[in-house]
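Please open the model in your viewer and keep a selection panel at hand. The stops below each say what to select and what is there.

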Amino acid sequence: MSLQQKLHPENTSRVADVAGTMAGAAAGALAAPSLASATGVTVIPVITAIGKLIGLSLLSATPVAWIAGTAFAGGLATLTATRLLKGIGGDRREAQIDDDRRRQQ
């Protein structure tokens with residue numbers, strides 16, 4: 001008996017949801033610095049201007065809210081995508097698993 005037949009479809013569904021959401025959240029968090037710098041959010045006006053006058057190049061950081069927001073958006077997008085994909089093929093898969101269980105009994 002394969003592992004897929006041993007696990008209940010709801011458990012494998014939850015694992016797929018969690019894995020997809022975590023991957024999307026990680027991708028969103030990694031994309032945050034690029035998105036923030038593209039919109040100019042990483043520039044701190046007063047400190048950057050003073051640094052330019054002195055001749056220093058100051059590094060700026062991505063705001064924490066941008067990292068959290070893009071992680072949330074990425075996780076939500078991948079959760080939506082996995083739910084949509086499971087909805088497309090989920091009924092057929094569940095019917096096949098039920099048929100396999102009936103044959104074994």
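What follows is a walk through a predicted model, from the whole chain to single residues and their partners.

**The whole chain**

Begin with the protein chain in a cartoon view, where the secondary structure comes to four helices and zero strands, in the order α-α-α-α when read along the sequence. If you switch to a surface view, the accessible surface comes to about 7800 Å², with 67% of that area belonging to carbon and sulfur atoms. Of the 105 residues in the chain, 16% are buried. Contacts between residues at least 6 apart in sequence can be sorted by separation, and 85% of these join residues at least 24 apart.

**Colouring by confidence**

Next, colour the chain by pLDDT, for which the mean is 77, with 76% of the residues reaching 70 or more. Among the elements of the chain, helix 1 (residues 3-6) has the lowest mean pLDDT, 56, whereas helix 2 has the highest, 82. Where pLDDT is low, the predicted coordinates should not be read in detail.

**From helix 2 to helix 4: D17 and R83**

Select D17, which has its place in helix 2, and show side chains around this residue. Is D17 buried or exposed? D17 counts as buried because its relative accessible area is 9%, and the cut-off for that class is under 20%. Leaving aside neighbours within four places in sequence, D17 is in contact with L79, T82, R83 and K86.

Now add R83 to the selection: the two residues form a salt bridge in which the closest N and O atoms are 3.0 Å apart. This pair links distant parts of the chain, with R83 in helix 4 (residues 64-104), D17 in helix 2, and their positions 66 residues apart in sequence. Side chains of opposite charge can pair when their charged atoms come close. Unlike the buried D17, R83 is partly exposed, at 49% relative accessibility.

Stay in this region and select T82, which is also found in helix 4. Not counting residues up to four places away in sequence, T82 touches A16, D17 and G20. A polar atom of the T82 side chain lies 2.9 Å from the backbone oxygen of L79, and L79 is itself one of the residues in contact with D17.

**Within helix 4: R103 and D100**

How many salt bridges does a search of the whole structure find? The search finds two, and to see the one that has not yet been visited, select R103 and D100, whose side chains meet at 3.2 Å, N to O. Because R103 and D100 are three residues apart in helix 4, they are separated by about one helical turn. R103 counts as exposed, with a relative accessibility of 65%.

**A loop residue and its surroundings: T62 and P33**

Move to T62, in the loop between helix 3 and helix 4. T62 is buried, with a relative accessible area of 18%. If residues up to four places away in sequence are not counted, T62 touches A32, P33, A36, T42 and I67.

Among these, pick P33, which is found in helix 2 (residues 9-39) and is partly exposed, with a relative accessible area of 37%. A distance drawn from C-alpha to C-alpha gives 5.6 Å between P33 and T62, although the two residues are 29 apart in sequence. A second distance can be drawn from T62 to V43, 19 residues apart along the chain, and here the C-alpha atoms are separated by 9.1 Å.

**A nonpolar patch on the surface**

For the last stop, return to the surface view and select I44, V46, I47, I50, L53 and I54, which form a nonpolar patch with about 630 Å² of accessible area together. One member to look at individually is L53, which lies in helix 3 (residues 45-54). L53 counts as exposed because its relative accessibility is 77%, and that class begins over 50%.

Terms used: Residues numbered from 1 in each chain as written. Predicted model: local features only at pLDDT ≥ 70, side-chain atom pairs only at ≥ 80, totals over all residues. Heavy atoms only, no water. Patch = residues over 30% accessible without salt bridge, like charges linked within 9 Å, V, L, I, M, F, W, Y side chains within 5 Å. Areas by Shrake-Rupley, 256 points an atom, 1.4 Å probe, with all protein chains shown as cover. Salt bridge = Lys/Arg side-chain N within 4 Å of Asp/Glu carboxyl O. Helix = DSSP H or I, 4+ residues; strand = E, 2+ residues; numbered from the N terminus. Buried < 20%, exposed > 50% of the residue type's maximum accessible area, 1.4 Å probe, protein only. Contact = heavy atoms within 4.5 Å. pLDDT = per-residue confidence, 0-100. Polar contact = N/O pair within 3.5 Å; in protein donor to acceptor, adjacent residues only side chain to side chain.
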